[in-house]
Amino acid sequence: MIKPARRAALAAAICLLSLSACSGAGHRADPVPGPSGGTGSALPGITQVAPADRTAAPVLTGKDLDDRPLSLADYRGQVVVLNVWGSWCPPCRAEAKHFRKVATETRAQGVRFVGINARDPNKEPARQFEREHKLGFPSFHDPIGKLLLRFPKGTLNLQFIPATLVIDREGRIAARAQLPLDAERLHRMIDPVVTEK
């Protein structure tokens with residue numbers, strides 16, 4: 001059992017991490033490493049990886065915010081937009097309407113959206129976030145970042161949320177953004193991957 005003083009110190013540490021993680025809207029994304037060490041071309045704030053340089057995304061399994069089983073393997077053969085967010089994160093709230101819009105616009109093209117809810121120890125604020133923003137897609141619950149640590153080194157910065165990855169139909173990381181996205185930027189990440197054969 002955690003003592004009250006230690007619980008308060010832990011809560012303060014999480015709060016400080018949350019504030020620093022959400023404050024990097026101007027952060028420049030580092031290139032996503034490919035198997036040969038190369039990377040693709042970059043749009044402002046977005047890194048796209050050429051097909052020959054892509055690395056496999058980890059197969060994430062867990063539960064969504066309603067305790068239903070969730071696995072990235074179920075989306076193989078589709079383009080997946082994987083968004084890391086937290087209910088406590090103002091930029092995440094700002095971009096949510098764009099994710100909802102683009103998820104609807106691209107669904108017929110075989111694009112699926114999946115979230116990773118990060119650093120929300122209690123699921124209820126995250127569920128409220130989903131209801132409030134009418135996301136319409138499932139999110140893994142990852143309160144301590146265990147799922148994020150499964151990604152190849154350099155893919156995600158654990159100190160920066162929101163972050164978004166596009167995973168191609170073969171399960172490889174095709175694009176990354178470590179900044180809040182609007183609908184236009186989301187399309188710029190997704191559309192080239194959708195048109196790949």
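This passage describes a buried strand, its pairing partners and an internal cavity in a predicted model.

Strand E6, which spans residues 111-118, has eight of its eight residues buried, so the strand is largely enclosed by the rest of the structure. The burial extends to both faces of E6, with Val111, Phe113, Gly115 and Asn117 covered on one side, and Arg112, Val114, Ile116 and Ala118 covered on the other.

E6 pairs with strands E5 and E7. With E5, the pairing is in the parallel sense and runs over seven bridges, and within it Asn83 stands opposite Gly115 of E6. Together with helix H2, these two strands make a right-handed β-α-β unit. The pairing of E6 with strand E7 (residues 139-142) is likewise in the parallel sense, over four bridges, and here Ile116 stands opposite Phe140 in E7. Between E6 and E7 the chain crosses through helix H3 (residues 123-133), and this β-α-β crossover is right-handed.

The model holds one cavity of 30 Å³ or more, and the space in the largest cavity comes to about 40 Å³. Its lining consists of Asn83, Trp85, Cys92, Glu95, Ala96, Phe99, Phe129, Leu135 and Phe137, which by class are seven nonpolar residues, one polar residue and one charged residue. Strand E5 (79-85) and helix H2 (90-106) each supply at least two residues of this lining, and H2 gives the most, with four residues. Asn83 thus appears in two settings, both as a lining residue of the largest cavity and as the residue opposite Gly115 in E6.

Terms used:
Residues numbered from 1 in each chain as written. Predicted model: local features only at pLDDT ≥ 70, side-chain atom pairs only at ≥ 80, totals over all residues. Heavy atoms only, no water. 1 Å grid on protein atoms, 1.4 Å probe; cavity = no way out; pocket = protein on both sides within 12 Å on 5 of 7 lines; lining within 4 Å. Points joined across faces, edges and corners; volume = space filled by probe spheres on them. Nonpolar A, V, L, I, M, F, W, Y, C, P; charged D, E, K, R; others polar. Buried < 20%, exposed > 50% of the residue type's maximum accessible area, 1.4 Å probe, protein only. Pairing = 2+ DSSP bridges. Right-handed = clockwise from strand over helix to strand, strands pointing away.
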